[in-house]
Amino acid sequence: MTGQTLIERLSGVLADAFERMGFDRALGQVRLSDRPDLGQFQCIGALVAAKQAKRNPREIAEAVAQDVRASGAFDAVSIAGPGFINLSLRDEDLAASLEAARTSGGAGAVARAHEGTVVVDFGGPNVAKPMHVGHLRSSIIGDCLQRLGRLLGYEVVSDIHLGDWGLQMGMLISEMRRRRPDLPYFDASNAGPFPAEEPLSLDDLQDMYPAAAARTKEDPAALEEARAATAELQGGRPGYVALWRHFVAVSRRSLEADFEGLDVRFDLW
């Protein structure tokens with residue numbers, strides 16, 4: 001049957017057998033065997049059926065096994081312990097199932113209608129900093145998760161969570177003010193509007209951050225200045241918020257090019 005996994009198809013065969021014996025079809029659930037030496041798959045429905053019917057579980061398992069053998073769906077059907085039904089497929093049937101998965105376009109995954117939304121936050125780059133090899137793991141694993149979620153039918157939203165409001169931004173604002181004090185962003189009485197064009201390039205940003213980091217590490221007064229700028233940014237000072245938006249926009253353009261090379265995309269930035 002189309003639209004079913006291999007486990008679901010095999011469970012259907014067992015469910016039919018249980019139903020013919022007067023039991024609930026749910027008892028036919030098949031799972032991967034935890035004893036592969038006895039079989040590739042396993043069903044424990046006979047144990048549950050025995051409790052419900054107050055009968056010998058092995059007797060029920062034998063009856064189900066006989067029915068299943070007659071279906072021809074399995075290469076081997078055996079009973080172990082008190083009533084575990086062990087099942088193995090023919091090599092050609094396994095090969096056919098793998099080939100069907102290979103050519104399905106979804107590696108055999110079956111989409112379902114899942115309720116709710118899955119949010120995947122990944123990538124982890126920083127404003128004003130280039131990505132490095134350490135970002136690959138989060139980016140690739142996160143992208144795999146969002147693709148798998150969508151393939152399986154989930155509503156998935158991916159978020160790179162770009163937009164740090166911390167001390168790093170205060171350091172950049174202070175460094176920018178040190179280099180370009182004439183810019184309108186540093187006039188505390190100016191509530192905007194501010195220029196739409198960025199007053200700096202990515203190269204400027206990548207030069208400014210290490211310079212600012214070194215300065216604040218060596219000079220306590222510079223660190224306090226950066227902390228004060230951070231507090232004003234977080235407090236909503238219009239010029240600093242506008243400048244922060246420029247930092248993010250310049251960084252994003254560079255990051256988008258890097259992620260495009262990785263074939264990784266985000267719904268939210």
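**Exercises on helix packing and nonpolar cores**

In this predicted model, Ile173 touches Phe186, Ala229, Leu233, Tyr240, Leu243 and Phe247, residues up to four places away in sequence being left out of the count.

**Exercise 1.** Determine which residues touch the most other members of the largest nonpolar core, and which helices supply that core.

*Solution.* Step 1: the core holds 36 residues, and Leu172, Ile173 and Phe247 touch the most other members. Step 2: at least two residues each come from helix H6 (167-179), H7, H8 and helix H9 (238-262). Step 3: H9 gives the largest share, 10 residues. Step 4: another core, of 23 residues, lies apart from this one and includes Val30, Ala46, Ala49 and Ala65.

**Exercise 2.** Classify the crossing of H7 and H8 and describe the contact.

*Solution.* Step 1: the axes of H7 (residues 202-218) and H8 (residues 220-234) come within 5 Å and cross at roughly 120°. Step 2: H7 is therefore oblique to H8. Step 3: H7 contributes Arg215, Thr216 and Glu218 to the contact, while H8 contributes Pro220, Ala222, Leu223 and Ala226. Step 4: by type, the contact residues are 4 nonpolar, 1 polar and 2 charged.

**Exercise 3.** Establish how the buried residues of helix H2 are arranged around its axis.

*Solution.* Step 1: in H2 (residues 45-53), the buried residues are Gly45, Ala46, Ala49 and Ala50. Step 2: viewed down the axis of H2, they fall within an arc of 135°, so they line one face of the helix. Step 3: the face turned away from the buried side carries exposed Lys51 and Gln52. Step 4: the cover over the buried residues includes helix H1 (6-20), strand S2 (41-43) and helix H3 (57-71). Step 5: just after H2, Lys54 adopts a positive phi of about 55°.

Note on methods. Residues are numbered from 1 along each chain as its sequence is written. This is a predicted model: local features need pLDDT of at least 70, side-chain atom pairs count only at pLDDT 80 or more; totals for chains, interfaces and linings use all residues. Side-chain values use heavy atoms; hydrogens and water are left out. Axes are lines fitted to C-alpha atoms, for helices over the stretch in contact, and angles run from 0 to 180 degrees between N-to-C directions. Helices (H or I, at least four residues) and strands (E, at least two) are DSSP runs, numbered from the N terminus. Angles under 35 degrees count as roughly parallel, over 145 as roughly antiparallel, 65 to 115 as roughly perpendicular and the rest as oblique. Contact means heavy atoms within 4.5 Å. Ala, Val, Leu, Ile, Met, Phe, Trp, Tyr, Cys and Pro count as nonpolar, Asp, Glu, Lys and Arg as charged, and the others, Gly among them, as polar. A nonpolar core is a set of buried Ala, Val, Leu, Ile, Met, Phe, Trp, Tyr and Cys residues joined through side-chain atoms within 4.5 Å. Buried means under 20% relative accessible area, exposed over 50%, partly exposed in between (1.4 Å probe, protein chains only). The arc is that of the directions from the helix axis to the C-beta atoms.
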